[in-house]
Amino acid sequence: MPIQFDEKIQCFHLSNQQISYIIGIEKNCYLTHRYWGKALPSYAGSNQLQLIDRGFATNPLPEERTFSLNSLPLETSTQGNGDHRIANYQIRSHHGHDVTDFHYHAYIISKGKSAIPGLPSLHATTSEVTTLEIILKDAVQQLEMRLIYTLFENYPILTRRAVYANLSDTMVALENAGSMSIDLAESQFDLITLDGSHTNEANITRQAIRSGIHRIESTRGTSSPQHQPFLALTTPYTSEFQGEVFAFHFIYSGNFIAQVELEQYGTTRVQLGIHPDHFEWQLKPNDYFYTPEVVLNYSTQGLNGMSQTFHQLYQEHLVPINWSKKERPILLNTWEANYFELSEQELIKQAHKAAEVGIELFVLDDGWFGERHTDTSSLGDWFVNQDKFPNGIHTLAREVHRLGMQFGLWFEPEMISKQSHLFQQHPDWALQVPSYPLTEGRQQSVLDLSRPDVQEHLITTLTDYLKTGNIDYIKWDMNRHLTEVGSSFFATNQQKEIGHRYVLGLYQILEVLTTRFPNCLFENCSSGGGRFDPGMMYYMPQTWTSDNSDALCRSIIQYGYSYLYPPIMMGAHVSTTPNHQVGRVTPLETRGWLAMSGNFGYELDLQTLSKEELQTVHQQIIFYQTHRQLFQFGKFYRLQAPNSHFASGWLFMNDEEAIAIYFNGLSRPALPTNYLKMHYLDNEALYEDVTTKQQYSGAELNQAGVLIPRVKEDFYTHVFHWKKKYS
Ligand code: DGJ
């Protein structure tokens, strides 16, 4: 059994071939964290707890002066009785106090994993996972806390979440409802996070932890482009290729907090959960509060090892099952070619050109509805603009289908413009706080998705489009953060629930639509990677990675996101030059390789390209189609992180072939000789260069590497392509 309870030493041992995770019960009351790391064949408690009567220690058990909650490595924090480190939860009693004392009560071990009501989470069959529920009770207030652990059989993966329950007959208030807390025994860690901004997402930040608290967070209503809801602790010597990594990723799309505290006696506490600021939940008698799931990923193979696990796990156990192995079409998106200037005639011309070069999915972006001539109006009015499309959207869709392509349409369903019919009819449908003006972002307000009538309206609107069968793809955009987070639908004492209720409302809408239309490909977008998180990926198998489509910037952004997401999840388009975001001119070939390193597409007016350029585009499409299995379902490894002149490299490989892409960045004289080592090819196999037909052993390419030839040109891309041969 992968999860066992040892009565003698009062420990739970969760273990598969790769990892062990051990939880102790102390004094029949409190849970301690005893071990997480490489699999142990057995555990007998060699790493005993340090029990000393320390200065300033407080003791929850009478006369036990060496037993203090402030220095034990705990499996969850405690409240008001001596654990003074960062808190994972906080409950206010109906008398107004914030003290609880949860004691161990019972446990349940079962095969499988249940879905979390209203929330996305990893999915798995009964035989693939085992779940442990530890039940803790506060006898004074009759409260219950369940810590839920699911161990995956074939991955170094454990998930954690908590459920808070009120079993009394009076209301209590959940002021903080974290998903997990863990105290690791070590203190020599580097902390890695992915940080950034709009058009500059997923920059890798790495710093040694120091005494005190490190925190990343979002209070913006969405997970945000500022910080990915992720952190990793690594040993200082961990690299892409080797070393230990403890990674945490939160399956949630709203406000979050992820923090690390290095405390006085060298223990490192890690916590993730819904952000407690702007949050409070009225927990009624006999009610449960379910927190989102955290994925805990352990690697001894460095950061590439961590990423391999995330990539495979998310493809198999996060995205909708029917999309996990489904090839994705090469798309052309109309945004950067047209912005709001759309006409049926012109788009049909663009669609003809697209079909000629081999595009498979034609996506009509913003500007097709209401009076949407700029970004100042019409969100919510999801009916076609008759001046731009006199024959309706469906005529265009049918023409695109006739040309042999699929048809996709852009929506920003969560928004409402003041200048819209929807706002005139339902001003109360915007998120709002009485008497305060609506703060606008991109001249738009946010719909109150906590309201069931708003949810129903969006479900009906989208269903009406999708049920025609003309729409194969939806780009679900979301272009601002939340302000005046209040709702006229809910009681005064529930107003701090609205941030979370918004996310639950969004998930409810997505659940209905993606279940009703499983074959429609949904692409997640929030001005690019503004809400690129595992919560959204549960419903939508791909994301528009960034509004920055410049090849050089993309090499950095995609490199960062690849810590967590495989290339198939990251929309990447060849756009025009000079690039619209940064004005940079890069070769079409390089733009192609960078876009092929994600989920491949185009976003430019093909009619403006020369004959030669169109030929290149056509060749890129044929190449990608021929090697789509490799690019979309092969393994992806990072080989060289972007350096001071922006050069970086990565590898795609499967059982048949391998492609290494080296982006040269800025050309510089006197560069040191550079051999790019492949690290991950099959040592035993032979690899034949597809151009020269020269054969090399995998071991040679892995260890000796290939010379990166000198090129006197900025933004050049070297590509090495081998067929795998078995000797
Ligand atoms: C932001 C998206 O990221 C862009 O790709 C585009 O769809 C615009 N919104 C449209 O307003």
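**Chat: a barrel and its cysteines**

Student: Hi! Which strands close into a barrel here, and in what order?

Tutor: Hi! In this predicted model, eight strands close into a barrel, running E21-E22-E23-E26-E27-E28-E29-E30, and their pairing is parallel.

Student: And what does the twist average from one strand to the next?

Tutor: The average is 30° from one strand to the next.

Student: Can we zoom in? How many bridges link E23 and E26?

Tutor: Four bridges, in the parallel sense, pair strand E23 (residues 406-411) with strand E26 (residues 473-476).

Student: Which residue in E26 is the bridge partner of phenylalanine 411?

Tutor: That would be tryptophan 476.

Student: What about helix H10, which strands does it touch?

Tutor: Helix H10 (residues 588-596) packs on the sheet and touches strand E29 (570-575) as well as strand E30 (599-603). The direction of H10 makes about 170° with that of E29.

Student: Changing topic: how many disulfides does the structure hold?

Tutor: Zero. Take cysteine 525: the nearest cysteine sulfur belongs to cysteine 520 and is 15 Å away. A disulfide needs the two sulfur atoms within 2.5 Å, so cysteine 525 is in no disulfide.

Student: Is cysteine 525 buried or exposed?

Tutor: Cysteine 525 is buried, with a relative accessible area of 1%.

Student: And where is the nearest cysteine sulfur to cysteine 553?

Tutor: On cysteine 525, 17 Å away, and cysteine 553 is in no disulfide either.

Student: Buried or exposed, that cysteine 553?

Tutor: Cysteine 553 is buried: its relative accessible area is 16%, and the cut-off for buried is under 20%.

Conventions. Residues are numbered from 1 along each chain as its sequence is written. This is a predicted model: local features need pLDDT of at least 70, side-chain atom pairs count only at pLDDT 80 or more; totals for chains, interfaces and linings use all residues. Side-chain values use heavy atoms; hydrogens and water are left out. Two strands pair if DSSP finds at least two bridges between them. Helices (H or I, at least four residues) and strands (E, at least two) are DSSP runs, numbered from the N terminus. Axes are lines fitted to C-alpha atoms, for helices over the stretch in contact, and angles run from 0 to 180 degrees between N-to-C directions. Contact means heavy atoms within 4.5 Å. Buried means under 20% relative accessible area, exposed over 50%, partly exposed in between (1.4 Å probe, protein chains only).
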